[in-house]
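This report is meant for a reader who is meeting the structure for the first time. Please look over the sequence and the model below before reading on.

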Amino acid sequence: MAKSRSFGRRWFLSAAATLSLCSCNSRAEQPQSRTEASLPEARGGKLAQESPITSDSTESPQAEPSAHHFRADSLSVLVNKQHPLDPIHYHPHDLVPFGSVLLREEAAQNAHALFAAATREGLSPTTLSGYRSYDDQINTYEHWVNTYGKEQADTASARPGYSEHQTGLALDIGSAAGNCNLAVCFSQTPEAQWFARYAHRFGFILRFPYWKHELTGYFYESWHFRYIGVSEAERYYQSHAECLETFWGFGPAPAYL
């Protein structure tokens, strides 16, 4: 329990540090949900008209871990503090441009449809980060360590080889307004709230939900979405799972082994 309380304190320190970068007046809280009936596309069926790209090779994970959760090139690979990529220097071979970033091809195709749907609803989403190589992650992680110290860095940034961004399946989003990008207050933006409710229809899920840091290892990131395939994301959303770890039958990963 002492370890749990210590991690919680570190989470608040990291959240506070992030909040200091934001010009909005906001709290680190769960996004305000809007009922589907209150949104135009729910009433008019716009999203139902989309045709997300699906892959015949996408496996359907069982209620417990299985081989494809450990395969670096699988859409269902689990990457967290206790499950690094194997090989640790893995590099996807089907990366394509999506906006200013790179994603694996299937993820990029569905991200195009996702952003198009959001734009039709009057939103202005933008891409902030996609694929990052092992070497890129070294620089990102070292920046956090140099700025906040190793203990706090480990609550906000993955060590090289342990980052979902290295899979080419993770996408950090922002708003064109930019006031709260990559900050705690982003959760209060229309973009964050809309994506949290509808991204699963295009294969993306909110990877680090509110107050699940003891399970995922990272504090709430309302901007970080992970592609797992359209049908699998729909099952995840409908399951009301706490996070990807519990959905795929893995234990908590609050710290590195």
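## Surface and overall make-up

The accessible surface of the chain comes to about 11,600 Å², and carbon and sulfur atoms account for 52% of that area. This is a predicted model, in which the chain has 9 helices and 6 strands. Of its 257 residues, 52% count as buried. When the contacts with a separation of 6 or more are considered, 74% of them link residues that are 24 or more positions apart.

## Confidence along the chain

The mean pLDDT of the chain is 83, and 75% of the residues reach 70 or more. Over residues 1-45, however, the pLDDT is below 50, although this stretch has 88 contacts in the model beyond near neighbours in sequence. Residues 56-62 also stay under 50, and for them the model has 18 contacts beyond four places in sequence. The placing of both stretches should be read with that low confidence in mind.

## The hairpin of β1 and β2

Strand β1, made of residues 95-98, pairs with strand β2, made of residues 101-104, in the antiparallel sense and over 4 bridges. Within this pairing F98 stands opposite V101 of β2. The hairpin has 2 residues between its strands, and G99 takes a positive phi near 60° there.

In the loop between α2 (40-44) and β1 lies P87, which is joined to D86 by a cis peptide bond with an omega of about 10°. Most peptide bonds are trans.

## Helix α3 and the residue that follows

Helix α3 covers residues 105-120, and its 16 residues reach 23 Å from the first C-alpha to the last, which is close to the 22 Å expected at 1.5 Å a residue. Its buried residues are E106, A107, A108, N110, A111, A113, L114, F115, A117 and A118. After α3 comes G122, which has a positive phi near 85°.

## S129 and Y134

S129 lies in strand β3, which runs over residues 125-129. With a relative accessible area of 12%, S129 falls under the 20% cut-off and is therefore buried. The side chain of S129 is joined to that of R132 by a polar contact of 2.7 Å. Beyond its neighbours within four places in sequence, S129 is in contact with V101, H165, A170, L171 and D172; of these, V101 is the residue that stands opposite F98 in the hairpin.

Y134 belongs to helix α4, residues 134-148. Once neighbours within four places in sequence are set aside, the contacts of Y134 are with I88, H89, P160, G161 and Q166. The C-alpha atoms of Y134 and S163 are separated by 8.5 Å, while the two residues are 29 residues apart along the chain.

## From β4 to α6

The loop between β4 (170-175) and α6 (190-198) holds S187, and it also holds L182. S187 is buried, because its relative accessible area is 0%, and its side chain makes a polar contact of 3.2 Å with the side chain of Q188. L182, by contrast, counts as partly exposed at 39% relative accessibility, and its phi is near 60°, a positive value in a residue other than glycine.

How many of the 9 residues of α6 are buried? The number is 7, so α6 is largely enclosed by the rest of the structure. The buried residues are E191, A192, Q193, W194, F195, R197 and Y198.

## Around helix α7

In the loop between β5 (204-208) and α7 is W211, which has a positive phi of about 60° although it is not a glycine. Most residues other than glycine have a negative phi. W211 is partly exposed, with a relative accessible area of 44%.

G217 is found in the loop between α7 (213-216) and β6 (221-227). Is G217 buried or exposed? At 0% relative accessibility G217 counts as buried. The C-alpha of G217 is 6.8 Å from that of K81, although these residues are 136 residues apart in sequence.

Methods. Residues numbered from 1 in each chain as written. Predicted model: local features only at pLDDT ≥ 70, side-chain atom pairs only at ≥ 80, totals over all residues. Heavy atoms only, no water. pLDDT = per-residue confidence, 0-100. Contact = heavy atoms within 4.5 Å. Buried < 20%, exposed > 50% of the residue type's maximum accessible area, 1.4 Å probe, protein only. Polar contact = N/O pair within 3.5 Å; in protein donor to acceptor, adjacent residues only side chain to side chain. Expected span 1.5 Å × (residues − 1). Areas by Shrake-Rupley, 256 points an atom, 1.4 Å probe, with all protein chains shown as cover. Pairing = 2+ DSSP bridges.
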